Amino acid sequence: MTRIDSDSLRDILKLYFIMGSTNCYKSPASVLKDAIAGGITLFQFREKGIDALTGDAKFALAEELQTICKEHGIPFIVNDDIDLAISLEADGVHIGQEDAPVDEVRKRIGDKILGVSVHTMEEALTAMEAGADYFGVGPIFPTKTKEDAKPVQGVQHIQHFREKGITIPMVGIGGITMENALKVMKAGADGVSVITAISKATDITKAAQRLREQVEY
Ligand SMILES: Nc1nc(C(F)(F)F)ncc1COP(=O)(O)OP(=O)(O)O
Ligand SMILES: [Mg+2]
């Protein structure tokens, strides 16, 4: 297996749904199915927060959601938990600056997709050097989902990375909705990643559809 090429990655990063049990009013499985029906292109299993599942329950939910992704041809990414990703043979992982070092994770996951959260040019250059396939850049707008989020940065970092000739696939993250998604794309992102705007929507499928329309501008 070889590493995914950037153009293919740009296609799947367009509408990147991130979710765990704490982000849902309904069952995570039904939320994911509705989001897939609405046109998400990538899924990240992110089981975090005070009521997050752990151990066997977390593994069972991850397996259930991975099966749904497989049935619909949606790549399945695991946030933070490299061991879980490897045991499930997930399509990739996403790590932040406080997680395991990029080069170490790259060695452990081989050619699987490796996403890294970056907030500065220095973090971006280091992550590229160490084998990242895409960047998560944010928080673009205020977010309630991530308690320990860094200061809101708007689209300036995405614009700055592009102005400096950084071409790696990039998604914006943080407070993105159908009202502001287009601004993120026009700043140079290849896609948007979304939790609440989809997971807690009254009509999940419609919410995903509207976001997908915005990113296909
Ligand atoms: N989970 C994420 N996914 C993305 C993605 F690019 F995939 F949209 N970007 C950024 C993050 C945030 O990652 P991290 O900084 O480790 O915090 P947490 O583990 O709490 O999510
Ligand atoms: Mg993390």
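**Exercise 1. Is D111 buried, partly exposed or exposed, and what is its relative accessible area?**

Before the solution, a word on the model. This is a predicted model, in which local features need pLDDT of at least 70 and side-chain atom pairs count only at pLDDT 80 or more, while totals for chains, interfaces and linings use all residues. Residues are numbered from 1 along each chain as its sequence is written, chains are lettered from A and ligands numbered from 1 in the order in which they are written, and side-chain values use heavy atoms, with hydrogens and water left out.

Solution.
- Step 1: Recall the classes: buried means under 20% relative accessible area, exposed over 50%, and partly exposed in between, with a 1.4 Å probe and protein chains only.
- Step 2: D111 has a relative accessible area of 29%, so D111 is partly exposed.
- Step 3: Place D111 in the loop between helix 5 and strand 5 (113-118). Helices (H or I, at least four residues) and strands (E, at least two) are DSSP runs, numbered from the N terminus.
- Step 4: List its partners, where contact means heavy atoms within 4.5 Å. Not counting residues up to four places away in sequence, D111 touches M1, T2, R3, I4 and R106.
- Step 5: Follow one partner. R106 is found in helix 5 and, with a relative accessible area of 11%, is buried. Apart from neighbours within four places in sequence, the contacts of R106 include D111, K112 and L114.

**Exercise 2. Find the residues that UniProt marks as "binding site", and describe their surroundings.**

Solution.
- Step 1: The unreviewed UniProt entry places this feature at D80 and D99. UniProt positions are given in the numbering used here, feature names are shortened, and annotations may be inferred rather than shown by experiment.
- Step 2: The two residues span 20 residues in sequence, yet no two of their C-alpha atoms are more than 6.6 Å apart, so they gather at one spot.
- Step 3: Both D80 and D99 belong to the lining of the largest pocket. On a 1 Å grid over the protein atoms alone, a pocket is an open set of points where a 1.4 Å probe fits, with protein on both sides within 12 Å along at least five of seven lines; lining residues have an atom within 4 Å of a point.
- Step 4: Look at D80, in the loop between strand 3 (76-79) and helix 4 (82-88). D80 is partly exposed at 22% relative accessibility, and has a positive phi of about 70° although it is not a glycine.
- Step 5: Leaving aside neighbours within four places in sequence, D80 is in contact with K48, H94 and D99. The side chains of D80 and K48 make a polar contact of 2.7 Å. A polar contact is a pair of N or O atoms within 3.5 Å; within protein, one must be able to donate a hydrogen and the other to accept it, and residues adjacent in sequence count only if both atoms are side-chain atoms.
- Step 6: Turn to D99, in the loop between strand 4 (92-95) and helix 5 (102-109). D99 is partly exposed, at 27%, and a polar atom of its side chain lies 2.5 Å from the backbone nitrogen of G96.

**Exercise 3. Which residues touch F135 in strand 6, and how accessible is F135?**

Solution.
- Step 1: F135 is found in strand 6.
- Step 2: With a relative accessible area of 0%, F135 is buried.
- Step 3: Not counting residues up to four places away in sequence, F135 touches V116, V118, A124, A127, M128, I166, I168, P169, M170 and V171.

**Exercise 4. Where does T145 lie, and what does its side chain meet?**

Solution.
- Step 1: T145 lies in the loop between strand 6 (134-137) and helix 7 (156-163). P139 is found in that loop too, and the peptide bond from G138 to P139 is cis, with omega near 5°.
- Step 2: T145 is buried, with a relative accessible area of 18%.
- Step 3: Outside the neighbours within four places in sequence, T145 is in contact with N23, R46, I195 and T196.
- Step 4: A polar contact of 3.0 Å joins the side chains of T145 and T196.
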